[in-house]
Amino acid sequence: MPKNLAVVILNWNGKNWLEKFLPSVVSFSQNADIYVIDNLSTDDSIAFTKTQFPSVKIIRNDKNYGFAGGYNEGLKEIKNEYYCLLNSDVEVTENWINPVIDLFEKDPSIAAIQPKILSFNHKNHFEFAGAAGGLIDNLGYPYCRGRVFDDVEEDKGQYNDETEIFWASGCCFFVRSKDFWEQNGFDERFFAHQEEIDLCWRLINSGKKIFYTGKSKVYHVGGGTLNKQSAQKTYLNIRNNLSMMLKNLPFPQLVGLIFFRLCLDGIAGIYFGLKNGFPHLWAVVRAHFGFYAQLPGTWKLRQNHQKSEFYQSKWLIFKHFLGGK
């Protein structure tokens, strides 16, 4: 039985998502508190929620703080032992909570957990944002079990295990509230994208574990706010990834790796520009200047200790795009 869990959905003008997916959350989360944190929506999503789902608690932010800041601001009012930060475009399933809480109860060093994340539109395939648990390579590129860059695997039961991972997906992110606040929550400067990877990296550097359980599954639509073709998503992903690396990499690897990544981003920018148009090339340029602007503040946020063996694969981008793996 869930122990003091809050299922928390961040909303911004998302009535259609709430209408479609809140029923599954309410039906299969009977022993949890359910919250909607609203980032100052201008549609009638909150009025709709109050009318149709009176058991759901509403927290209203005074402006749109984005994903990272929106959760940080709203979660200040929620005192449960565990949080599940759930995207509004996620369909949950029966018994999705108990396996996660069981893992938390077995091992106090586990700070965050994600379930198996499948595609809502192609339910026998994993979903891009998280799949079967997040990993990272030696160049700082995030990937997942079940998804490398844009290539997604079919779910054939190959990831029905429970195992330690590097990062848990923000689309369905279970975390101990104590550990969340000991790290001061998400980095609000990120606004959206990769803030959960940064938080997990900080948790790992502080001696905590991140886990995946295939005993729980959810279905994610994906791209509900920014789709994969969005130049703004390109900007946020590249800027935030560089800031995350500066914050969390061990110092001996820092300078050389950041410089190498900046060069690779330049090549990627040309590729994005040819494939998706000039706005994507310009997004890479903006991302680098955004990273430089954040650099002094990012440096101040470095912890006292960074683990030297942080990665689970080497040279992923070359193996995938040049080696076809």
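## Helix packing, cores and ring pairs

Let's start with two helices: the axes of helix 6 (residues 195-205) and helix 7 (residues 231-248) come within 10 Å of each other and cross at roughly 10 degrees. Keep in mind that this is a predicted model. An angle under 35 degrees counts as roughly parallel, so helix 6 and helix 7 are roughly parallel to each other.

Who touches whom here? On the helix 6 side you'll find Ile197, Asp198, Trp201, Arg202 and Asn205, and they meet Met244, Met245, Lys247 and Asn248 of helix 7. The residues of this contact are a mix: four are nonpolar, two are polar and three are charged.

Now for the nonpolar cores. The largest one has 70 residues, and the members that touch the most others are Val8, Tyr71, Leu75 and Leu85. Helix 7 turns up again here, as it gives the most to this core, with eight residues. Take Leu85 as an example: leaving aside residues up to four places away in sequence, Leu85 touches Val8, Tyr71, Leu75, Gly170, Cys171, Cys172, Phe173, Phe180 and Phe186. There is also a second, separate core of 32 residues, with Val25, Val90, Ile101 and Ile117 among them.

On to the aromatic rings, where the count comes to 24 pairs. Two of these pairs are set out below.

| Ring pair | Distance of centres | Angle of planes | Arrangement |
|---|---|---|---|
| Tyr83 and Phe180 | 5.9 Å | 85 degrees | edge-to-face |
| Phe260 and Phe318 | 6.5 Å | 20 degrees | stacked |

What does the edge-to-face pair link? Tyr83 sits in strand 4 (residues 82-86) and Phe180 in helix 5 (residues 177-182), so the pair ties together parts that are 97 residues apart in sequence. Both Tyr83 and Phe180 are buried.

The stacked pair also bridges two elements. Phe260 belongs to helix 8 (residues 251-276) and Phe318 to helix 10 (residues 316-321), so this pair ties together parts that are 58 residues apart in sequence. Are these rings buried or exposed? Neither label fits: Phe260 has 30% relative accessibility and so counts as partly exposed, and Phe318, at 32%, counts as partly exposed too.

Finally, Tyr83 and Phe180 have company. Ring pairs link them with Phe67, Tyr71, Phe173, Trp181 and Phe186 into a cluster. Some of these names should look familiar from the core: Tyr71, Phe173, Phe180 and Phe186 are among the residues that Leu85 touches.

Conventions:
Residues numbered from 1 in each chain as written. Predicted model: local features only at pLDDT ≥ 70, side-chain atom pairs only at ≥ 80, totals over all residues. Heavy atoms only, no water. Axes fitted to C-alpha atoms, helices over the stretch in contact; angles between N-to-C directions. Helix = DSSP H or I, 4+ residues; strand = E, 2+ residues; numbered from the N terminus. Parallel < 35°, antiparallel > 145°, perpendicular 65-115°, else oblique. Contact = heavy atoms within 4.5 Å. Nonpolar A, V, L, I, M, F, W, Y, C, P; charged D, E, K, R; others polar. Core = buried A, V, L, I, M, F, W, Y, C linked by side-chain atoms within 4.5 Å. Buried < 20%, exposed > 50% of the residue type's maximum accessible area, 1.4 Å probe, protein only. Phe/Tyr/Trp six-rings, centres within 6.5 Å; stacked < 30°, edge-to-face > 60°.
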